[in-house]
Amino acid sequence: MDIQSILREIADGNRHAFSDIVETYQRPLFAYLGRMGLNASQAEETAQETFLRAWQHLAQFDSKRASFQTWLFTIARRLAINELKRASNRLERSQGEGITEPACTAADPPEFHEQREATQRLQIVMARLSPEDRSLLALTYAHDLDMKTIAAIEGCSATAAKMRL
């Protein structure tokens, strides 16, 4: 079923149809939030809040202004940027308090160690970017979005998005 049909069902009073929207966008949204640099629990909370806000403001969605996907990812982007800024503030306050990650053990396979190291290097590099630039990069590699859609989510022109990228 396409999104427009689902939205019509919801408008006709079928509140359960929103679960189809969640099923359709849950994975791409979660992947985007992970690429933004949110950890799994932050991404899960942000995705839930995104769907909650989409449900609460569904009447404000205007298909003439943007696709549902663009609208939903714009909500997620704003929430993720806010979360990243809050996390950055918490990190600055807690530096020096001995925050550590669980260590790898000798029993872990070598691929696990390599993947973990690569993930840590990527997180370090991504942390140097502004939340807005993380968003642009994450959208570029998420869900085969075209530059026009990415620009709409980012709130800029396609040319500006290309320049930032």
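**Stop 1: a salt bridge along one helix**

Select Arg86 and Glu83 to start: Arg86 forms a salt bridge with Glu83, and their closest N and O atoms are 3.0 Å apart. Keep in mind as you look around that this is a predicted model. Now show the ribbon as well, and you will see Glu83 sitting in helix H4, which covers residues 68–94. Because Arg86 and Glu83 are 3 residues apart in helix H4, about one helical turn separates them. The contact between the two side chains also counts as a polar contact, at 3.0 Å.

Are these two partners buried or exposed? Glu83 has a relative accessible area of 12%, so it is buried. Arg86 comes to 44% relative accessibility, so it counts as partly exposed.

**Stop 2: zoom out to the whole chain**

Show the full ribbon for a moment. The protein chain has 8 helices and 0 strands. Follow the ribbon from the N terminus, and the elements run α-α-α-α-α-α-α-α. The chain has 165 residues, of which 33% count as buried.

**Stop 3: more salt bridges**

Here is a general idea to carry along: side chains of opposite charge can pair when their charged atoms come close. How many salt bridges does a search of the whole structure find? There are 6.

Next, select Arg77 and Glu154. Their side chains meet in a salt bridge, with 2.9 Å from N to O. This pair links distant parts of the chain: Arg77 is in helix H4 and Glu154 is in helix H7, 77 residues apart. Arg77 has a relative accessible area of 12%, so it is buried. Glu154, at 8% relative accessibility, counts as buried too.

Leave those two on screen and add Asp133 and Arg164. Together, Arg77, Asp133, Glu154 and Arg164 are linked in a network of salt bridges.

Now move to Glu132 and Lys85, whose side chains meet in a salt bridge of 3.5 Å, N to O. Glu132 lies in helix H6 (residues 131–140) and Lys85 in helix H4, so this pair ties together parts that are 47 residues apart in sequence. Color them by accessibility if your viewer can do that. Glu132 has 26% relative accessibility, so it counts as partly exposed. Lys85 is partly exposed as well, with a relative accessible area of 42%.

**Stop 4: aromatic rings**

Hide the charged side chains and show the rings instead. A pair of aromatic rings is described by the distance of the centres and the angle of the planes. The structure holds 6 aromatic pairs.

Select Phe18 and Trp55. The centres of their rings are 5.2 Å apart and the planes are at 70°; angles over 60 degrees count as edge-to-face, so that is what this pair is called. Phe18 belongs to helix H2 (residues 18–35) and Trp55 to helix H3 (residues 40–56), so the pair links distant parts of the chain, 37 residues apart. Phe18 is buried, with a relative accessible area of 9%, whereas Trp55 is partly exposed at 28%.

Then select Tyr32 and Phe73. Which arrangement do their rings have? With centres 5.5 Å apart and planes at 55°, the pair is tilted. Tyr32 lies in helix H2 and Phe73 in helix H4, so the pair ties together parts that are 41 residues apart in sequence. Both Tyr32 and Phe73 are buried.

To finish with the rings, select Tyr25, Phe61, Phe68 and Trp71, which form one aromatic cluster. Leave Phe61 and Trp71 highlighted, since they come back at the next stop.

**Stop 5: a pocket**

Switch on a surface view. Rolling a probe the size of a water molecule over the atoms shows where empty space is left. Look for the second largest pocket, which has a volume of about 300 Å³.

To find the pocket, select its lining: Gln60, Phe61, Asp62, Arg65, Ala66, Thr70, Trp71, Thr74, Ile75, Arg78, Ala152 and Ile153. Which helix supplies the largest share of this lining? Helix H4 does, with 5 residues. H4 and helix H7 (147–154) each supply at least two residues of the lining. Color the lining by class as a last step, and you will find 6 nonpolar, 3 polar and 3 charged residues.

Definitions and conventions. Residues are numbered from 1 along each chain as its sequence is written. This is a predicted model: local features need pLDDT of at least 70, side-chain atom pairs count only at pLDDT 80 or more; totals for chains, interfaces and linings use all residues. Side-chain values use heavy atoms; hydrogens and water are left out. Helices (H or I, at least four residues) and strands (E, at least two) are DSSP runs, numbered from the N terminus. Buried means under 20% relative accessible area, exposed over 50%, partly exposed in between (1.4 Å probe, protein chains only). A polar contact is a pair of N or O atoms within 3.5 Å; within protein, one must be able to donate a hydrogen and the other to accept it, and residues adjacent in sequence count only if both atoms are side-chain atoms. Rings of Phe, Tyr and Trp (its six-membered ring) pair if their centres lie within 6.5 Å; planes under 30 degrees apart count as stacked, over 60 as edge-to-face and the rest as tilted. On a 1 Å grid over the protein atoms alone, a cavity is a set of points where a 1.4 Å probe fits but cannot get out, and a pocket is an open set with protein on both sides within 12 Å along at least five of seven lines; lining residues have an atom within 4 Å of a point. Grid points are joined across faces, edges and corners, and a volume is the space filled by probe spheres set on the points. Ala, Val, Leu, Ile, Met, Phe, Trp, Tyr, Cys and Pro count as nonpolar, Asp, Glu, Lys and Arg as charged, and the others, Gly among them, as polar. A salt bridge is a side-chain nitrogen of Lys or Arg within 4 Å of a carboxyl oxygen of Asp or Glu.
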